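Welcome, and thanks for opening the viewer. Keep your selection tool at hand and follow along one stop at a time.

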Amino acid sequence: MTKIRTRMGDGWTIEIDEIDLKQDLEDGTRDAADKGGIDPLSQNELDYLNDICCSGSKMSGVQSGREVVLSYDGPSFEIRRLGILANRQTALQIYERCFGADTLEFSHIDYSYKQVKPIVHEELPLFEQLQSLTIAPLFYGAMPNLGLYTRPDGPVANPSELLPLGKIQAAQQAYEEAIEMSVNDIVYVASQFYEAGCDGINIDTVGAAGDPDFKAALVATEKLKQKYPGLNIEIGMAGEFVLGMHGELTHDGQLLAGLYPHQQVKLVEAAGGHIFGAVVNTQTNKSFPWNLARSVTFSKACTAAADIAVHGNMGMGVGALPVCETQPAETVSMASKAMVEIARLDGL
Amino acid sequence: MGTGDPAGVAIAHAMTSGMGGLRTTGDLVARMQITRGMKIDTAKQYVADKLGVSLADIHDAVAMRETREDLRIGLLQSLPGQPKGIEAKHNIAELLGLELNSLRASKTRIKG
């Protein structure tokens, strides 16, 4: 029996039999189908995934003509994380000129709208200068990050302290107060960058604090679109499943807790978003083929449901990419090819 | 896209499945997704029609190097006499029929 060299979801190399790899692909797509109430991949699609996983190639590639648009979250500080003293202007020029970036995103290292609000006047001059230097569409991006609004980091009571005490209504009330504050901060910061000439706003890592976080992003999007009909908004998620931290929040009559990507995108569309960043989480104790089949299944359902562009989140720990700091390029490349060609994503 | 070391994530994606940005027409296709919410195939066709080239050509780095120079919409290389940065955006806006917010803001800053 031929052994196939692949990886686990934590990035470590394993060797598995061909038959086990095929089983992992089938189990991965079935897991997504069962959890999301969506169709599993067809046998042809599973066979294609099998070919990609067994290729043994250092790099894979989509067929010519199938290339997609790349958008980013936090590229202005990825260079500095390597210990290279490049300021944000230089970093984004490197992305545009050296990395083949289709879009750029300017952002602060403390990647939250609440944290940016008091220093936005310091952010704007550099952002304005950057528009003169670059050609690709330039976003501003940050997270709603509702966790920052609760004590001790913020003014609102902490639901994580209230819930163990059985104070459910008080916890829900705290989340609702945090939503209002978050919406105000997102609208304030995004307005500043719209006036400064941004090509778009990225509301990123949405849902990190569960359904209140998603609610804040949707309400902020609606308010911004009302204020600036020409403003372009990308909403990127934090996880595949909206956690019910509040549990009873709705938007347009839809309960937010428990929504998967193909359901999330419809709310983003209705709110006025132009690009949706779909997430499928990687499970570290499952193989890369299992995670890949699962990611492709969820993402394919999302692009089929969407009337707007869908960009798959494919960084560390999402989109079948392993949870490890130095990413294995061959695995990233296999996942990139599969997600574009089978899930038919509009971008990454 | 998501986080990760650039060689492992950003460059790997760009080489595997990215449009290529200024090397081809990735920035232009992105503008149609951003401004009109277009899906990828619709956005590519729109850009190809506006450039007057084939769908295959908009992915071709050599062909687009010439086309971008002819249309003065910005090049990867920094060459004398060619529009750079916001200068190129004026021609992109006209070519694609878009009102770019960066140009609106720039005019506001100039006039005060």
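Before the first stop, one term: two strands count as paired if DSSP finds at least two bridges between them. Keep in mind too that what you see is a predicted model.

**Stop 1: a hairpin at the start of chain A**

Select residues 3-7 and 13-17 of chain A. These are strands β1(A) and β2(A), which run antiparallel and are joined by 5 bridges. Which residue of β2(A) is the bridge partner of A:R7? Click on A:T13 and you have found the partner. Another bridge to show is the one that links A:R5 to A:E15 of β2(A).

Now move to the turn. The hairpin has 5 residues between its strands, and A:G11 takes a positive phi near 100° there. Back on β1(A), colour the two faces separately: A:I4 and A:T6 make up the covered face, while A:K3, A:R5 and A:R7 are on the uncovered one.

**Stop 2: three helices of chain A**

Next, select residues 18-36 for helix α1(A), and add α2(A), residues 43-54. Their axes are 10 Å apart, and the helices pack at an angle of about 130°. That angle makes α1(A) oblique to α2(A), and the crossing is right-handed.

Show side chains where the two helices meet. From α1(A) come A:L21, A:K22, A:L25, A:E26 and A:T29; from α2(A) come A:L46, A:L49, A:N50 and A:C53. Sorted by class, this contact holds 5 nonpolar, 2 polar and 2 charged residues.

Keep α2(A) on screen and add helix α11(A), residues 288-305. Here the axes come within 11 Å and cross at roughly 140°. Are α2(A) and α11(A) parallel or oblique to each other? They are oblique, and their crossing is right-handed. On the α2(A) side, pick A:L46, A:L49 and A:C53; on the α11(A) side, pick A:P289, A:L292, A:A293 and A:V296. How many residues of this contact are nonpolar? The count is 7 nonpolar, with no polar and no charged residues.

**Stop 3: a glycine in a loop**

Step past the end of α2(A) and select A:G56, which sits in the loop between α2(A) and α3(A), residues 75-78. Is A:G56 buried or exposed? A:G56 is exposed, with 9 other C-beta atoms within 10 Å; a residue counts as exposed at 12 or fewer. Now add A:M334 to the selection. The two residues are 278 apart in sequence, yet their C-alpha atoms are 9.8 Å apart in space.

**Stop 4: the parallel sheet**

Hide the side chains and switch to a cartoon view of chain A. Look for 6 strands forming an open sheet with parallel pairing, in the order β3-β4-β5-β6-β9-β10. The edges are β3(A), residues 104-106, and β10(A), residues 309-312. Each edge strand has a single partner, so one side of each is left without a neighbour in the sheet. Turn the view along the sheet to see the twist, which averages 25° from one strand to the next.

Zoom in on β4(A), residues 138-142, and β5(A), residues 200-206, which pair in the parallel sense over 4 bridges. Within this pair, A:F139 has A:G200 of β5(A) as a bridge partner. Then bring in helix α9(A), residues 211-227, which packs on the sheet and touches β5(A) and β6(A), residues 233-237. The direction of α9(A) makes about 170° with that of β5(A).

**Stop 5: chain B**

Now select chain B by itself. What does its secondary structure come to? Chain B has 6 helices and 0 strands, so to speak an α-α-α-α-α-α run from the N terminus on. Its C-alpha trace spans about 45 × 35 × 35 Å along the principal axes. Of its 112 residues, 46% count as buried. Among contacts in chain B between residues at least 6 apart in sequence, 25% join residues at least 24 apart.

**Stop 6: where the chains meet**

Finally, show both chains together. The contact takes 61 residues from chain A and 50 residues from chain B. On the chain A side, α4 (88-97), α6 (120-133), α8 (168-195) and α12 (329-341) each supply at least two residues. Which of the elements gives the most? That is α12(A), with 6 residues. By class, the chain A side divides into 27 nonpolar, 24 polar and 10 charged residues.

Methods: Residues are numbered from 1 along each chain as its sequence is written. Chains are lettered from A and ligands numbered from 1 in the order in which they are written. This is a predicted model: local features need pLDDT of at least 70, side-chain atom pairs count only at pLDDT 80 or more; totals for chains, interfaces and linings use all residues. Two residues are in contact if their C-beta atoms, placed from the backbone, lie within 7 Å. Ala, Val, Leu, Ile, Met, Phe, Trp, Tyr, Cys and Pro count as nonpolar, Asp, Glu, Lys and Arg as charged, and the others, Gly among them, as polar. Axes are lines fitted to C-alpha atoms, for helices over the stretch in contact, and angles run from 0 to 180 degrees between N-to-C directions. Angles under 35 degrees count as roughly parallel, over 145 as roughly antiparallel, 65 to 115 as roughly perpendicular and the rest as oblique. A crossing is left-handed if the near helix is turned anticlockwise from the far one by less than a right angle, and right-handed if clockwise. A residue is buried if 20 or more other C-beta atoms lie within 10 Å of its own, exposed if 12 or fewer, and partly exposed in between; C-beta atoms are placed from the backbone.
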